[in-house]
Each structure stands twice: as C-alpha cells, then as structure tokens.
Amino acid sequence: MKKPGQLLELRRREMVATLKRFGIANRRVLGAFLEVPRDLFFDGAALELAYRDGAYPIGFGQTISQPYTVACMTSLLVERCVSGKVLEVGTGSGYQAAILAVLGFSVFSVERVVGLYERAGAVLGRLGLDVVCRCGDGSLGWVDEAPFDGVLVTAGAPGVPVSLLEQLGPGGCMVLPVGDCCSQKMTVICRLGGGFGREVFEEFSFVPLVGKEGWDERVF
Ligand code: SAH
C-alpha cells in the first residue's frame, strides 16, 4: 500500500500530466507544479480534491484558482520576465505565491481578507519560501517595494489599475484578468520604452478584485 506522502506525489504527477495535456509546455513552470505540495494550501477535509484541476473554496467567499489557470498566468509571466521581483495581488491560499517563489522570484503578495492573509502567511512560512505578505488593498500595489519586474493579479479587474502600471519597472510585465463580474480576458501589459504593449488571451472567470482601483465593495 502507498504511504500518504507517496500518494500525494503521484497525484501531483497526474496533475502535471493533465496540465501538459491542456497545453502547458513551459518546463520550468511544470517543474514548479511538481515541487509545490498543493495539498498544504487546502484544509484537511479537502485533501482528496487538492490535485483535481478545479477551483476550490478557501473560505471568506474566495477560491484557490484552478491549477490550469495558475499555470497559464505563470507561463505568460515567465515567458516575458525570467527573474526578479514580482507583486501578486490576491494571496488567497498562497499557492500561486509559492509557485512563483519556487521559480526563483522574490515575491511580494497582498491580500485584503485578514483571515486569508494570516493563513497563507503561516503555510508559506512553514515552507520557508521567499514570499513577503501584506494585508491591504492590492489594487493600489505596494509603493514601498516598487518597481516590480512582474505583477500578477489573481482577481478579476474591471480595468487595468493605474497604480499597478506605474509600479512596473522598465521591461516589466503585468498579467491580469480584465472584464466584467462573470468573465474576464487574460491580459498581458508590458512596459516597453516610453509606453506599454498589450496582448489579450483566453477568457477565465475569477472572483472580483475589490478595491479603490478595482470593483466597489458595495457591488458584491
Ligand atoms: N492567488 C490565489 C487566488 C485567490 S482568489 C491562490 O493561489 O489561491 C483571489 C484573491 O484576491 C482572494 O483571496 C481575494 O480576497 C483577493 N482580493 C480581491 N481583491 C483584492 C484586493 N484589492 N487586494 C488584495 N487582495 C484582493
């Protein structure tokens, strides 16, 4: 019989095989998915579901993103920005932040819900990863730590927050879902010379980015 650790590793391999089937090809990204124990970002009762390719509730009305979504966003970032400082907006469970840290980025992550900020900070600390967390409105970025080489917004934004654009360093790239409350198009914005380049990709459905440069709290 397999020990629980071996079983989880097997599930992790199966998850990576699914990601490959769905078209995720970046070897560094796939390697990070093999390394990070996604089950640690779930509570005990949900362990069985940790390696299914689905989003899952993490409390406070929020979700841990589907592995495919995390893999897409991470691939879009690492194809344009190989190292340096990354700002994540929406720590949630902390899983995406862990993937970025394992890829060698120096990660700064902001979460607006205190309970999630505390729980994610504890798990990331236990794993000893290079992630600094803060509780607050990430739609305004993290002025004291700017500029960033990369910005990843893991909640759906009604538009591109100007504060986040301003905090992108030269050659820096931002990956964020932009749209309405039901569906958003994955968008990549890169600071090129004196301006910005924009690319638009497939549709996803995220929980809303709620804040000064996101959705109004009273709408949700
Ligand atoms: N990256 C997360 C996904 C979490 S879902 C993970 O890997 O699990 C999106 C998260 O964004 C939620 O936890 C939500 O509370 C948070 N969020 C929404 N608006 C925010 C804001 N303005 N600033 C910081 N976090 C925000």
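**Figure 1. Glu88 meets a nitrogen atom of the ligand in this predicted model.** Start with the side chain of Glu88: one of its polar atoms lies 2.9 Å from a nitrogen atom of the ligand. Ser93 also uses its side chain, placing a polar atom 2.6 Å from an oxygen atom of the ligand. Gly138 takes part through its backbone instead, with an N or O atom 2.8 Å from a nitrogen atom of the ligand. How much of the ligand's accessible area does the protein cover? On its own the ligand has 580 Å² of accessible area, and the protein covers 99% of it.

**Figure 2. The shell around the ligand.** Here we step back to look at the surroundings of the ligand, which sits in the largest pocket. In total, 27 residues surround the ligand, and the closest are Glu88, Ser93, Glu111, Gly138 and Val210. What kinds of residue make up this shell? Eleven are nonpolar, twelve are polar and four are charged.

**Figure 3. Strands and a helix that contribute to the shell.** Which elements each supply at least two residues of the shell? They are strand S2 (62–64), strand S3 (85–89), helix H4 (95–102) and strand S4 (106–111). S2 gives the most, with three residues.

**Figure 4. A disulfide between Cys173 and Cys190.** Searching the whole structure turns up one disulfide. The sulfur atoms of Cys173 and Cys190 are 2.2 Å apart, and the link is right-handed, with 100° about the S-S bond. What does this pair tie together? Cys173 belongs to strand S7 (residues 168–179) and Cys190 to strand S8 (residues 184–192), so the disulfide ties together parts that are 17 residues apart in sequence.

**Figure 5. A cis peptide bond at Pro147.** If you follow the backbone from Ala146 to Pro147, you will pass through a cis peptide bond with an omega of about 5°. Where is Pro147 placed? Pro147 is in the loop between strand S5 (131–135) and strand S6 (148–153).

**Figure 6. Phe60 and its positive phi.** This view turns to another loop, the one between strand S1 (56–59) and S2, where Phe60 is found. Phe60 is a residue other than glycine, and its phi has a positive value, near 60°. The strand that comes after this loop, S2, is also the one that gives the most residues to the shell around the ligand.

Methods: Residues are numbered from 1 along each chain as its sequence is written. This is a predicted model: local features need pLDDT of at least 70, side-chain atom pairs count only at pLDDT 80 or more; totals for chains, interfaces and linings use all residues. Side-chain values use heavy atoms; hydrogens and water are left out. A residue is near a molecule or strand if one of its heavy atoms lies within 4 Å of it. A polar contact is a pair of N or O atoms within 3.5 Å; within protein, one must be able to donate a hydrogen and the other to accept it, and residues adjacent in sequence count only if both atoms are side-chain atoms. Accessible areas come from the Shrake-Rupley method with a 1.4 Å probe; for residues, only the protein chains shown count as cover. On a 1 Å grid over the protein atoms alone, a cavity is a set of points where a 1.4 Å probe fits but cannot get out, and a pocket is an open set with protein on both sides within 12 Å along at least five of seven lines; lining residues have an atom within 4 Å of a point. A molecule sits in a cavity or pocket if more than half of its atoms lie within 2 Å of its grid points. Helices (H or I, at least four residues) and strands (E, at least two) are DSSP runs, numbered from the N terminus. Ala, Val, Leu, Ile, Met, Phe, Trp, Tyr, Cys and Pro count as nonpolar, Asp, Glu, Lys and Arg as charged, and the others, Gly among them, as polar. A disulfide is a pair of cysteine sulfur atoms within 2.5 Å.
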